[in-house]
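Student: I am new to this structure and would like some help reading it. Could we go through a few of its features together?

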Amino acid sequence: MNNKTLTNVALRYRAVFLDINRKDINMRSEASVPVMAFTRRLKENGFCVSEQLLHALNAVSADQLAEITGCINDVMGVKLNWAPLVKGWNVPTGESLADHLVTWIANIFGKEAGFKGTTLPCGHLIPEGTFPLERYNGCPYCGTPFETADFVYKGQASKLKELRLFTIEDMQRVFQSLLSSSTPLDGTQKDSLELLLSEFPLPDNANITMKETAMLVIKQLVEQDKAEEATKLLKTPTDILRYLWYEKTGYVQIIEPKTLVAHARKLYYHMWGPLDKGVDAAKDMKKKLMLKYNRKACLRVAKWLNAIPITAKQAAENMNPKRGMWVRMIRALRLGEYSRKDGFGHLAEILDVFYKQDYSTWQGRVDKARSANDAEKTLALLRERPGLFSRCLFASMLRFGTDKVIAAFGEVADKLPARLLLSLGNAAEAYFDPKATRLARPITGVTHKIEPNKLLALYDGETLNSMVEAVNSLYKASMARRFAAQKTEAKTIYIDPALYNIPVSVGDRSATIQDASCALMGTRFHVEGDAVRLFLQWGKGLHAQHLDMDLSARIALPDGKIAECAYYSLTCVGAKHSGDIRSIPEMVGTAEYIELSMPELEKAGATYVTFTCNAYSTGALSPNLVVGWMDSAYPMKISEKKGVAYDPSCVQHMVRISEGNLSKGLVFGVLDVAKREIIWLEMPFMSQTMRGADSASIEALLRKLEAKLSVGQLLDMKAKAQHLALVENADEADEAYTYEWALNPAEVTHLLYM
């Protein structure tokens, strides 16, 4: 068992993994010298320990404590280079566009034209009277760093985060909760599950409800030569196609080849022609997506398809939406050849029906009935497939009327997963508002605005409000019935007040990994001090090269005015930037910072500050790029010698970009200046600069998060349906739901799995 792997996963739940038995912990033991030294190291990183963990630490060796310390240092980035371009960057260097222009001219004509100055290791001549070179760690003209830092500040935080004890039983409980999650796993959960699958065997009674989760498990089974065990997880041909495409691309959703090719072209586009690699990237993606399978893989898929527990016509109908991809797969996997062998009769029947197209599709029948305005037939067909009914519920209400559609949907609502019902409740208000901006976030990660349904114009405001109320009443009644049907011996319940500020995560997939703690999108963090410091670190483990990532902040001021703090505007009202780095040093990476002054922002009347990072270089955001923000009630230092401004103990939230990220930019937070709160969100965009992050889309996402049912409200519904009395102390409650409980989003989603 790899203790380092389990320690890294435990830290995401604000815990430390120890391979001990809770019953053996001596709660009266005195902390040993190594344990006291260990807790001091934790404090430097912004952590403290619970009483139980403190006593448990006495039972482990000093070597193991050192190993845990190393894991935490790695997660918090203590050993990375955190030196920015400018030393003591809280004092502006005064560089201007004129300095860059003069330097550009000097480097064209050289010293022969009479320019005097300093030639830097990168080869650029910096003329006298331009940039103050004594203030820089690298070249101010090209953004190449020459110096790195081997230290970070520690222990400046005003608030410590408590770590709990995790044992093998706790890790197995997390493993089970991830496997049985009734909502799609986010980036952190997916990564945690992949790590735990390498440590624990798959339980015999595993209840895997999400198709995307099943793909991770199937991959593990295939690698262990247990492909036949995966048969029970593959119920339809689409499940098989999903796995094949996950195996090929690394994405658990089915993204069609043409979409990936078009996306690669956009991803490697550059606004300056000579650096535009879009066409080459599209060609490379086409080559990458070419299908080639060995005999072992072909036989495995043939057996899976032959064992599909549905009729040939049902299988062919299931394959129809991705018909083009299936034609390629059938040819590449030699399924026609295997279908002629003994024992593969069901496979032969499926292929025969598929190629002859001797089937009709359910969606085709629905579309025909809808086009004929046949409400009865349309609703009858929709009742056959409640999940698809839920996805077109709102449009059907506008087309056929509220009463008729809600009555039909009510007959099948209890057959749906609770997450789909909650999604309807969360989305209803925005959908039925003709002026609201709605967002679509396809699986490529790019956010798009959706125009309102044109049928909304047929109804007045009162009627639309009644439609919203009808949807809300329906899903609340269904949830109440589900909670009431649950057997419980509890009489009292404790709900942490903090849970009323955390939205229930339903379908909020993310491409980032939260290594230091887990937070659901929409979680609000209170600003303790007068400064918020954004940070960006990238290039870890990469050789020195040109790799330009940018950190930016957009400040919304009164009268619709906007101030921007970015590489092209290092200082603006309430914000200072540490300088634009465009190349990375060898292996240790580099950093950029932005400091936001709360008093200055309040004085200027700023309403919101949007935090963004983006890849100016061609391609997506660099893998393992770390971005987040720091805050402390006490002042945070900035080095005058190196410019280092990172302190792991002050980090309030940080995320890491995962492998396979498909976006060029990311909005990772919004500061509400008046409330002194930072809202954690994740909105990808496709642009080389922060201006590609559309303000209307950000506002729409904020409204969407605010409209979502909170974890606290969901628990209120549970308490009311089960007649549980609310108590104010967790120790006095039969069921206690604390903030620590909510750190495991998979546990939260178990409320929806009924």
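**Reading the spaces and the packing**

Tutor: Gladly! Let's begin with an enclosed space: the second largest cavity has a volume of about 60 Å³. Keep in mind that this is a predicted model.

Student: How does one find empty space in a model, and how many cavities of 30 Å³ or more does the whole structure have?

Tutor: Rolling a probe the size of a water molecule over the atoms shows where empty space is left. A search of the whole structure turns up four cavities of 30 Å³ or more.

Student: Which residues line the second largest cavity?

Tutor: Its lining is made of M76, K161, A516, S517, P648, V651, Q652, H653 and M654. Strand β21, residues 651-657, gives the largest share of that lining, with four residues. Sorted by class, the lining of this cavity holds five nonpolar, three polar and one charged residues.

Student: What about pockets? How much space lies in the second largest pocket?

Tutor: About 1,000 Å³ of space lies there. The second largest pocket has 37 lining residues, and H100, Y141, Y567, D580 and R582 are the ones nearest its centre.

Student: Which elements each supply at least two residues of that pocket's lining?

Tutor: Those are α5 (97-109) and β16 (575-577). The largest share, three residues, comes from α5. By class, the lining of the second largest pocket has 17 nonpolar, 13 polar and seven charged residues.

Student: Let's turn to single residues. Is R12 buried or exposed?

Tutor: A residue counts as buried when its relative accessible area is under 20%. R12 is at 3% relative accessibility, so it counts as buried. You will find R12 in the loop between α1 (3-11) and β1 (15-17).

Student: Which side chain makes a polar contact with the side chain of R12?

Tutor: The side chain of D515 does, at 3.0 Å. Leaving out residues up to four places away in sequence, R12 touches a group that includes T188, D191, S192, D515, A516, S517 and R656. You have met A516 and S517 already, in the lining of the second largest cavity.

Student: T188, D191 and S192 are among the residues that R12 touches. How covered is the helix α7?

Tutor: Helix α7, residues 187-197, is mostly covered, with eight of its 11 residues buried. T188, D191 and S192 are among the buried ones, along with G187, Q189, L193, L196 and L197. Look at the start of α7 too: a side-chain oxygen of D186 comes to within 3.1 Å of the backbone nitrogen of T188.

Student: How should I look at a nonpolar core, and which residues have the most contacts inside the largest one?

Tutor: Think of a core as buried nonpolar side chains joined to one another. The largest here has 107 residues, and L18, M76, Y593, L596, F611, Y646 and L671 have the most contacts inside it. Taking L596 as a case, the residues it touches beyond four places in sequence include V532, A553, V609, F611 and L671. A second, separate core has 76 residues, including L179, Y246, A332 and L351.

Student: Where does M690 sit, and what does it touch?

Tutor: M690 lies in the loop between β23 (677-685) and α25 (695-707). With a relative accessibility of 1%, M690 counts as buried. Among the residues it touches, not counting those up to four places away in sequence, are S552, A553, R554, T612 and F685. M690 and Y616 are 74 residues apart in sequence, and their C-alpha atoms are 9.8 Å apart in space.

Student: And how far apart are the C-alpha atoms of F115 and L179?

Tutor: They are separated by 66 Å, with their positions 64 residues apart along the chain. F115 is in the loop between α5 and β3 (117-119), and at 25% relative accessible area it is partly exposed.

Student: What can I learn from the backbone angle phi?

Tutor: Most residues other than glycine have a negative phi. Q357 has a positive phi, near 55 degrees, and it is in the loop between α16 (345-356) and α17 (362-371). M587 also has a positive phi, about 70 degrees, and its place is the loop between β17 (583-584) and β18 (588-597).

Student: Are these two buried or partly exposed?

Tutor: Q357 is partly exposed at 49% relative accessibility, and M587 is partly exposed at 36%.

How values were computed:
Residues are numbered from 1 along each chain as its sequence is written. This is a predicted model: local features need pLDDT of at least 70, side-chain atom pairs count only at pLDDT 80 or more; totals for chains, interfaces and linings use all residues. Side-chain values use heavy atoms; hydrogens and water are left out. On a 1 Å grid over the protein atoms alone, a cavity is a set of points where a 1.4 Å probe fits but cannot get out, and a pocket is an open set with protein on both sides within 12 Å along at least five of seven lines; lining residues have an atom within 4 Å of a point. Grid points are joined across faces, edges and corners, and a volume is the space filled by probe spheres set on the points. Ala, Val, Leu, Ile, Met, Phe, Trp, Tyr, Cys and Pro count as nonpolar, Asp, Glu, Lys and Arg as charged, and the others, Gly among them, as polar. Buried means under 20% relative accessible area, exposed over 50%, partly exposed in between (1.4 Å probe, protein chains only). A polar contact is a pair of N or O atoms within 3.5 Å; within protein, one must be able to donate a hydrogen and the other to accept it, and residues adjacent in sequence count only if both atoms are side-chain atoms. Contact means heavy atoms within 4.5 Å. A nonpolar core is a set of buried Ala, Val, Leu, Ile, Met, Phe, Trp, Tyr and Cys residues joined through side-chain atoms within 4.5 Å.
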